[in-house]
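Visitor: I'd like to learn how to read the features of a protein model. Could you walk me through this one?

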Amino acid sequence: MLALTKLAAVLAVLPAIASAAPTTKPFPVPEARDEVDEGTSIVGGEAASAGDFPFIVSLSQGGSHFCGGVLLNANTVITAAHCSVGQSASSVRVRAGSLNRNSGGTQVGVSRILVHPSYNSGTTDNDVALWRLSTAIPTSSTIGYVTLPAQGSDPAAGSSAVTAGWGTTSEGSGSLPTALRKVTVPVVSRATCQAAYGASSVTTSMICAGLAAGGKDSCQGDSGGPIVDSSKTLIGLVSWGDGCARPNAYGVYTRIGQFVTWINTNKS
């Protein structure tokens, strides 16, 4: 089964990702087209409000959003490795403090991109990277830093989680919403997720969330963005899945609890 990362860049921009084996959610999305911000988003979600995700950022290249990310502190963003491989720090930008991916808030450059040394583009295992910012982003009325979980933590199956992003509102859509969207999904046990995808496809560096019936999920363009628990602690990053919101095809997320020591050692 092909696994698709949830990256919305035109595949020519990131050729390394186009050849990745798992159904990663990089369907190419025409970046010039915007959706009217009505109805559902992410998939099966709703508009986010100011203050819901003060730590979320939009990652862009050439003025076009392609992935989400999360502010760890004034100088560091965490995102998916599959959003980062093949990227040049000098060619990308980070926008924080705005619900709109195209305007508002604070936009800064990037000085270095650090991909986890064990990232595997064929399996999307260890799908995490750190972006060091060229200009610090201080906290403000609209900007905050995310809380990390304890090293080794693993969210409980059945617990409620919320993911957010500027990704497409349906699988294969040709446009992105301009305003941030969110959706609440339950964490799914690793065993259930492995039964859906195969035992070797879902590793201990991944967590899964979604509904057996489908209908609620992250999608293309949400890659690298957060999934948080009820206390807004970062439990995962949008990584991959079989399409978007399909029945028995859960969203797969990088398990942040597996990487806290690495993150703290390597953040600015």
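**Reading the model, feature by feature**

Guide: Let's begin with Asn126, which is buried because its relative accessible area is 13%, and the cut-off for buried is under 20%. Keep in mind that this is a predicted model.

Visitor: Okay. Where is Asn126 found?

Guide: Asn126 sits in the loop between β9 and β10. Its backbone deserves a look too: phi is positive, about 55 degrees, although Asn126 is not a glycine.

Visitor: Which phi value does Thr124 have?

Guide: Thr124 has a phi near 60 degrees, again a positive value in a residue other than glycine. Thr124 lies in the loop between β9 and β10, and it counts as buried because its relative accessibility is 1%.

Visitor: On to the strands, then. What should I know about how they pair?

Guide: The general idea is that strands of a sheet pair through backbone hydrogen bonds, either parallel or antiparallel. Here, 6 strands make a closed barrel in the order β5-β6-β7-β10-β9-β8, and the pairing is antiparallel. From one strand to the next, the twist averages 40 degrees.

Visitor: How many bridges join β8 and β9?

Guide: β8 and strand β9 (residues 106-115) pair over 4 bridges, in the antiparallel sense. If you want a spot to zoom in on, Arg93 stands opposite Gly109 in β9.

Visitor: Now the cysteines. How many disulfides are there?

Guide: The way to find them is to look for cysteine sulfur atoms within 2.5 Å of each other. By that rule the count is 3 disulfides. Counting bonded cysteines along the chain, the pattern is 1-2, 3-4, 5-6.

Visitor: Take me through them. What is the S to S distance for Cys67 and Cys83?

Guide: The sulfur atoms of Cys67 and Cys83 are 2.1 Å apart. The angle about the S-S bond is -80 degrees, and the link is left-handed. This pair links distant parts of the chain, with Cys67 in strand β6 and Cys83 in the loop between β7 (76-79) and β8 (92-96), 16 residues apart. Both Cys67 and Cys83 are buried.

Visitor: And which parts does the disulfide of Cys193 and Cys208 tie together?

Guide: Cys193 joins Cys208 with an S to S distance of 2.0 Å, and the link is left-handed, with -85 degrees about the S-S bond. Cys193 is in helix α2 (residues 190-197) while Cys208 is in strand β14 (residues 206-209), so the disulfide ties together parts 15 residues apart in sequence. Cys193 counts as buried because its relative accessibility is 0%, and Cys208, with a relative accessible area of 2%, is buried as well.

Visitor: Is the link of Cys219 and Cys244 left-handed or right-handed?

Guide: The link of Cys219 and Cys244 is right-handed, with 90 degrees about the S-S bond. Cys219 lies in the loop between β14 and β15 (226-228) and Cys244 in the loop between β16 (234-241) and β17 (251-255), so this disulfide ties together parts 25 residues apart in sequence. The sulfur atoms of Cys219 and Cys244 are 2.1 Å apart, and Cys219 is buried, as is Cys244.

Visitor: Let's turn to the hydrophobic side. Which residues touch the most other members of the largest nonpolar core?

Guide: That core has 22 residues, and Phe53, Ile78, Leu234 and Ile263 touch the most other members. β6, β16 and α3 (260-266) each supply at least two of the core's residues. The largest share, 3 residues, comes from α3. Apart from this core lies another one, of 19 residues, including Cys67, Leu71, Ala89 and Val108.

Visitor: What is Ile78 in contact with?

Guide: Setting aside neighbours within four places in sequence, the contacts of Ile78 include Gly69, Val70, Leu72, Val128, Leu130, Leu234, Leu237, Ile256 and Ile263.

Visitor: One more feature: how many aromatic pairs does a search of the whole structure find?

Guide: The search finds 3 aromatic pairs. Take Phe66 and Trp131: their centres are 6.5 Å apart and the angle between the planes is 40 degrees, a tilted pair. The pair links distant parts of the chain, 65 residues apart, with Phe66 in strand β6 (residues 64-73) and Trp131 in strand β10 (residues 129-133).

Visitor: Are those two buried or exposed?

Guide: Phe66 and Trp131 are both buried.

Definitions and conventions. Residues numbered from 1 in each chain as written. Predicted model: local features only at pLDDT ≥ 70, side-chain atom pairs only at ≥ 80, totals over all residues. Heavy atoms only, no water. Phe/Tyr/Trp six-rings, centres within 6.5 Å; stacked < 30°, edge-to-face > 60°. Buried < 20%, exposed > 50% of the residue type's maximum accessible area, 1.4 Å probe, protein only. Core = buried A, V, L, I, M, F, W, Y, C linked by side-chain atoms within 4.5 Å. Contact = heavy atoms within 4.5 Å. Pairing = 2+ DSSP bridges. Axes fitted to C-alpha atoms, helices over the stretch in contact; angles between N-to-C directions.
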